[in-house]
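The questions below ask what entitles one to each structural label. Each answer sets a computed value against the criterion behind the label.

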Amino acid sequence: MDVLSDVMTVLRTGRPFAARFARSAPWSVRHGGRSNGCGLQIMVRGTAVAVAEDGRTFTLGPGDLLVVPHGAPHLVADSAATPPGPACEPGRQPSGAVIRSDDPGASHVMLCMAYEMAPNRTHPLIATLPDFVHVPADPAARPELANAIAMLDNELASELRGGDVLVPALVDAVLMYLLRALLGPHTGDCRSGGWAVALGDDAVAAALEAIHADPARQWTVASLGERAGLSRSAFSRRFTELVGQPPLGYLTSWRLTLAARLLADTDAPLSAVARRVGYASEFAFAAAFKRDFGTPPGQFRKQVPACDPADEVFRREPVLL
């Protein structure tokens, strides 16, 4: 699995939220306050303003996206003059009357997506993004993203069978096309930080791909530098500068992130988990895990709540908030 796919697959907990809201002015909704939530609002019809707690304001036009990678609190409204409205919490049914998507009175249509990310595991991919990233609509430059948004909008507005399969797939498609745009070669306006540069650097990207392809391998700075085509010292400097961690620090962090996911999702013995992530002994693994997570792996497994399929909420009706 490539680095980008691997990171997002491992870090998210499998409790996504997707909704299509059709509203008539005036309206205002409060979002955020979830430190491990990655949110996204997409303006489909009409215009809106998003206001951060520090007063920063983003104007959203048709096709614009607002990425909120760290769950920062913010307000979205038809106008900055509209008083704050109710909170929108993923997984809870919003209050208000239903408006059909073809109702001419629904002057504003917005898609809302949210992913719950693994708690206490902020990957550099997410950490380097600012609290808010405004991505203006540009179908010519990002046709795949525009098409995925249109398909998600149509599916959320429909009542057709098969939506429970199609909607999560389309949510994933929107997210991945968006991340490609943010981390790709033309990201100057997005200010996505180190990872955009790291993944665009052939040497560092080669090392990251090697780590993610085989995290259990006994990598050294020298062997990773060989993959990168650089001397040991030159590779270590470049990797640390672009990724924000030394090579072996990143390797250890990623191994333990994988271990946490295995503990949460499987009943594999601790010895097997340790081997899967590159530790020769269960004792060494347990000590490293406790240093990083603050709790032994066995206790961590007991504390992780089971994933209930009912938590995967995909709202299919347009709702007036």
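Q: What is the accessible surface of the protein chain, and how is such an area obtained?
A: Accessible areas come from the Shrake-Rupley method with a 1.4 Å probe. In this predicted model, the accessible surface of the protein chain comes to about 15100 Å², and carbon and sulfur atoms account for 54% of it. Of the 321 residues of the chain, 47% count as buried, and the secondary structure comprises twelve helices and ten strands.

Q: Why is the pair Arg20 and Asp153 called a salt bridge?
A: The label requires a side-chain nitrogen of Lys or Arg within 4 Å of a carboxyl oxygen of Asp or Glu. For the side chains of Arg20 and Asp153 the N to O distance is 2.4 Å, and the pair therefore satisfies the criterion. Because Arg20 belongs to strand E1 (residues 17–23) and Asp153 to helix H3 (residues 143–157), the pair ties together parts that are 133 residues apart in sequence. By this rule the model has four salt bridges.

Q: How do you know whether Arg20 and Asp153 are buried or exposed?
A: Buried means under 20% relative accessible area. Arg20 has a relative accessibility of 4% and so counts as buried, and Asp153, with a relative accessible area of 10%, is buried as well.

Q: What makes Asp54 and Arg56 a salt bridge, and which exposure class does each residue fall into?
A: The closest N and O atoms of Asp54 and Arg56 are 2.8 Å apart, which lies within the 4 Å cut-off. Asp54 has a relative accessible area of 52% and is exposed, since that class begins over 50%. Arg56, with a relative accessible area of 37%, is partly exposed, because that class covers values between the buried and exposed limits.

Q: What makes Arg261 and Asp265 a salt bridge, and where do the two residues lie?
A: Their side chains meet at 2.5 Å, N to O, and the cut-off is 4 Å. Both residues lie in helix H9 (residues 247–265), four residues apart, which is about one turn of the helix. Arg261 has a relative accessibility of 24% and counts as partly exposed.

Q: Why is strand E1 described as largely enclosed by the rest of the structure?
A: Seven of the seven residues of E1 are buried, so the description of the strand as largely enclosed by the rest of the structure follows. In a regular strand the side chains alternate between the two faces of the sheet. Both faces of E1 are covered, with Phe17, Ala19, Phe21 and Arg23 buried on one side and Ala18, Arg20 and Ala22 buried on the other.

Q: How do you know that E1 and strand E8 pair?
A: Two strands pair if DSSP finds at least two bridges between them. E1 and strand E8 (residues 108–116) are joined by seven bridges in the antiparallel sense, and Arg20 stands opposite Leu111 in E8.

Q: Which strands are the edge strands of the sheet E2-E7-E4-E5, and what makes them so?
A: The four strands form an open sheet in the order E2-E7-E4-E5, with antiparallel pairing. Strand E2 (28–31) and strand E5 (57–60) are its edge strands, as each pairs on one side only. From one strand to the next the twist averages 20 degrees. Within this sheet, strand E4 (residues 48–52) and strand E7 (residues 74–77) pair over four bridges, and Val51 has Leu75 as its bridge partner in E7.

Q: What makes the approach of Gln41 to His74 a polar contact?
A: The side chains of Gln41 and His74 make this contact at 2.9 Å, within the limit of 3.5 Å for N or O atoms. Gln41 lies in strand E3 (residues 37–45) and, at 2% relative accessibility, counts as buried.

Q: Why is helix H1 called largely enclosed?
A: Seven of the nine residues of helix H1 (residues 3–11) are buried, so the helix is largely enclosed by the rest of the structure. Among the buried residues of H1 are Val3, Leu4 and Met8. Asp2 caps the N-terminal end of H1, with a side-chain oxygen 3.1 Å from the backbone nitrogen of Leu4.

Note on methods
Residues numbered from 1 in each chain as written. Predicted model: local features only at pLDDT ≥ 70, side-chain atom pairs only at ≥ 80, totals over all residues. Heavy atoms only, no water. Buried < 20%, exposed > 50% of the residue type's maximum accessible area, 1.4 Å probe, protein only. Axes fitted to C-alpha atoms, helices over the stretch in contact; angles between N-to-C directions. Polar contact = N/O pair within 3.5 Å; in protein donor to acceptor, adjacent residues only side chain to side chain.
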